[in-house]
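Me: I am new to this one and would like to go through it step by step. Could you show it to me before we begin?

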Amino acid sequence: QVQLVESGGGLVQAGGSLRLSCAASGRTFSNAMGWFRQAPGKEREFVAGIRWNGGSTVYADSVLGRFTISKDNAKNMMYLQMNSLKPEDTAVYYCAAGRYVVRTAPAYDYWGQGTQVTVSS
């Protein structure tokens with residue numbers, strides 16, 4: 001069992017930055033970690049993913065160049081640095097763990113409780 005806890009969400013003005021953190025505990029054998037987000041009335045969508053071993057990354061086109069996913073294996077932590085935030089980035093952001101870095105939510109086995117990010121215009 002893997003436990004994931006997100007933190008770092010909040011309210012920020014458009015153009016601002018936030019850094020989300022995801023703390024992983026338990027049997028941290030999952031090789032893939034990812035960030036997803038879900039806005040009200042919309043489906044959960046992939047934001048970014050990273051391989052726990054190796055560190056290769058994948059991004060959604062909508063955040064490419066603005067968001068950076070990273071990890072600290074020693075601390076079992078994953079991060080999402082979000083720059084140049086836009087109102088359309090407003091959503092609940094979720095940390096997820098699974099076997100493969102893919103863009104589909106059902107492929108991930110473990111999820112955090114989510115952290116709210118609100119970007120005002």
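Reply: Please keep in mind that this is a predicted model. A convenient place to begin is Val47, which, apart from its neighbours within four places in sequence, is in contact with Trp35, Phe36, Arg37, Val58, Tyr59, Ala60, Val63, Phe67, Leu80 and Tyr93.

Me: Which strand is Val47 found in?

Reply: Val47 belongs to strand 5, which covers residues 45-51.

Me: And is Val47 buried or exposed?

Reply: Val47 is buried, because its relative accessibility is 0% and the cut-off for that label is under 20%.

Me: What separates the C-alpha atoms of Val47 and Asp61?

Reply: A distance of 8.5 Å lies between those two C-alpha atoms, and Val47 and Asp61 are 14 residues apart along the chain.

Me: You listed Leu80 among the contacts of Val47. What stands opposite Leu80?

Reply: Ile69 does, and Leu80 is in strand 8. Strand 7, made up of residues 67-72, pairs with strand 8 in the antiparallel sense, and six bridges are found between them.

Me: How many residues lie between strand 7 and strand 8?

Reply: Four residues lie between them, and the two strands form a hairpin. Within the turn, Asn76 has a positive phi of about 55°.

Me: Which other strand is joined to strand 8?

Reply: Strand 3, residues 18-26, is joined to strand 8 by six bridges, and the two run antiparallel. One of the partners across this pairing is Gln81 in strand 8, which is bridged to Arg19.

Me: How many residues of strand 8 are buried?

Reply: Five of its six residues, 77-82, are buried, so strand 8 is largely enclosed by the rest of the structure.

Me: Changing topic: how many disulfides does the structure hold?

Reply: There is one disulfide. The link is between Cys22 and Cys95, with an S to S distance of 1.9 Å.

Me: Which parts does that pair tie together?

Reply: Cys22 lies in strand 3 and Cys95 in strand 9, residues 91-98, so the disulfide connects parts that are 73 residues apart in sequence.

Me: Is the link left-handed or right-handed?

Reply: The link of Cys22 and Cys95 is left-handed, with -65° about the S-S bond.

Me: Last one: are the two cysteines buried or exposed?

Reply: Cys22 is buried, with a relative accessible area of 0%. Cys95 likewise counts as buried, at 0% relative accessibility.

Note on methods: Residues are numbered from 1 along each chain as its sequence is written. This is a predicted model: local features need pLDDT of at least 70, side-chain atom pairs count only at pLDDT 80 or more; totals for chains, interfaces and linings use all residues. Side-chain values use heavy atoms; hydrogens and water are left out. Buried means under 20% relative accessible area, exposed over 50%, partly exposed in between (1.4 Å probe, protein chains only). Contact means heavy atoms within 4.5 Å. Two strands pair if DSSP finds at least two bridges between them. A disulfide is a pair of cysteine sulfur atoms within 2.5 Å.
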